[in-house]
Structures are given as C-alpha cells and as structure tokens.
Amino acid sequence: TEINFGKPSTDAIPASTTKPLTSTSTILKYGVPSPGIPSILQYENHIVEYDAARKVPKWVAEHISHSKAFGEQANRKLSKFNPDPAVPVKFTSQNADFRGSGWSRGHLAPAGNNKHSQNAMNETFFLTNIVPQDLDNNGNYWNRLEI
C-alpha cells in the first residue's frame with residue numbers, strides 16, 4: 001500500500017489504529033513509572049536537575065550576589081566531596097568512581113559563589129552537583145574562572 005502524505009487515507013493506516021483508542025485514564029490506571037527520586041533537588045543557594053540513571057546533574061541554577069561570592073563565613077578547606085544524603089546510594093556517584101579514571105570532580109554550581117555560608121558551600125560538594133571534568137581543565141583554566 002502506498003502512503004499518501006497529503007490527505008489522510010484510511011487504507012494506508014493499519015487496521016489496529018482505526019479502532020477507537022483506549023482512554024489515557026484506563027492505560028494509566030495504576031500510575032506512571034517514576035524515577036524513584038525527584039529530579040529537581042533544592043539546596044540553600046542552588047537547584048539541580050539530577051539524572052539518577054547517569055548519576056550526574058543535567059543543569060544547575062543559582063543565585064549569585066556580591067555578598068554571597070565575596071562573603072567570609074565559609075572555608076573551602078572544611079568542605080568534602082560526598083554523596084548527597086538525600087539520594088539513595090544506587091542513584092549517586094561515589095568518590096571512588098573518579099579515582100584513577102583520569103577525570104576530576106568538577107562543580108556545576110561553583111563552591112566559590114557560596115562564601116556566605118558554610119552549609120551552602122558544603123552542598124556544592126555533594127556529588128549531585130559534580131560532573132567528570134578533564135584534570136588539566138578543572139585544575140587550571142576552569143579553576144581560574146571559579147576563584
């Protein structure tokens with residue numbers, strides 16, 4: 001059978017699609033699949049859309065101000081990279097994933113934008129805010145932008 005791309009033709013449509021469609025409420029009677037964790041994670045000064053299947057953030061948004069970026073209440077040396085306690089272990093990367101991989105842990109929401117609060121800075125070190133980044137780029141070029 002030839003398909004007519006102009007005007008719809010009933011003889012070009014398989015018979016199974018010419019029957020009335022089942023209602024969405026019947027198909028989704030028991031709900032829709034869920035990723036198991038929310039994909040939007042909220043923190044003190046940033047928000048992350050997190051991809052639990054790939055164990056990386058898709059994007060972050062943050063509020064930057066002079067007082068937040070140039071505050072003196074937080075000390076980066078007190079922050080440690082850790083899995084996010086709000087995300088189940090099977091859905092988050094681990095520090096061991098980076099060891100020996102040739103990749104470093106790169107912040108999407110930079111720690112340096114959160115000098116106003118130790119808690120806000122610590123939250124940027126959750127692995128839900130971290131992507132694999134080239135060692136040279138993260139330690140040199142990108143680091144200069146963050147500091």
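Two strands count as paired when DSSP finds at least two bridges between them. With that in mind, a good place to start in this predicted model is an open sheet of three strands, which has the order 1-2-3 and antiparallel pairing. Strand 1 and strand 3 (56–62) stand at the edges of the sheet, and each has a single partner strand, so one side of each is left without a neighbour there. On average, and with direction ignored, neighbouring strands of this sheet are turned by 25° against each other. Strands of a sheet pair through backbone hydrogen bonds, either parallel or antiparallel.

The sheet can be followed strand by strand. Strand 1 (40–42) pairs with strand 2 (residues 46–51) in the antiparallel sense over three bridges. Within this pairing, Ile40 has Glu49 of strand 2 as its bridge partner. The two strands form a hairpin, with three residues between them. Strand 2 also pairs with strand 3, again in the antiparallel sense, over six bridges. Here Asp51 has Val56, in strand 3, as its bridge partner. Strand 2 and strand 3 likewise form a hairpin, with four residues between them. In the turn of that hairpin, Lys55 has a positive phi of about 60°. As for its surroundings, strand 2 is largely enclosed by the rest of the structure, because five of its six residues are buried.

Charged side chains come next. Side chains of opposite charge can pair when their charged atoms come close. How many salt bridges does a search of the whole structure find? The search finds two. In one of them, the side chains of Glu49 and Lys58 meet at 3.7 Å, N to O. Glu49 counts as buried because its relative accessibility is 18%, under the 20% cut-off, whereas Lys58, at 51%, counts as exposed. Asp51 forms a salt bridge with Arg54, and their closest N and O atoms are 3.0 Å apart. In this pair Asp51 is buried, at 11% relative accessibility, while Arg54 is exposed, with a relative accessible area of 64%. Glu49 and Asp51 thus appear both in the strand pairing and in the salt bridges.

Aromatic rings offer another view of the fold. The count of aromatic pairs comes to two. One of these is formed by Tyr43 and Phe126, a tilted pair with 6.0 Å from centre to centre and 55° between the planes. Tyr43 lies in the loop between strand 1 and strand 2, and Phe126 lies in the loop between helix 3 (118–124) and strand 5 (130–134), so the pair ties together parts that are 83 residues apart in sequence. Both Tyr43 and Phe126 are buried.

Another link across the sequence involves Asn138, a residue of helix 4 (residues 135–146). Asn138 and Trp103 are 35 residues apart in sequence, and their C-alpha atoms are 9.1 Å apart in space. Is Asn138 buried or exposed? With a relative accessibility of 14%, Asn138 counts as buried.

The surface deserves a look as well. Ile27, Leu28 and Val32 form a nonpolar patch there, and together they have about 290 Å² of accessible area. Val32 is found in the loop between helix 1 (24–27) and strand 1. At 56% relative accessibility, Val32 counts as exposed.

Notes. Residues numbered from 1 in each chain as written. Predicted model: local features only at pLDDT ≥ 70, side-chain atom pairs only at ≥ 80, totals over all residues. Heavy atoms only, no water. Salt bridge = Lys/Arg side-chain N within 4 Å of Asp/Glu carboxyl O. Buried < 20%, exposed > 50% of the residue type's maximum accessible area, 1.4 Å probe, protein only. Patch = residues over 30% accessible without salt bridge, like charges linked within 9 Å, V, L, I, M, F, W, Y side chains within 5 Å. Areas by Shrake-Rupley, 256 points an atom, 1.4 Å probe, with all protein chains shown as cover. Axes fitted to C-alpha atoms, helices over the stretch in contact; angles between N-to-C directions. Phe/Tyr/Trp six-rings, centres within 6.5 Å; stacked < 30°, edge-to-face > 60°.
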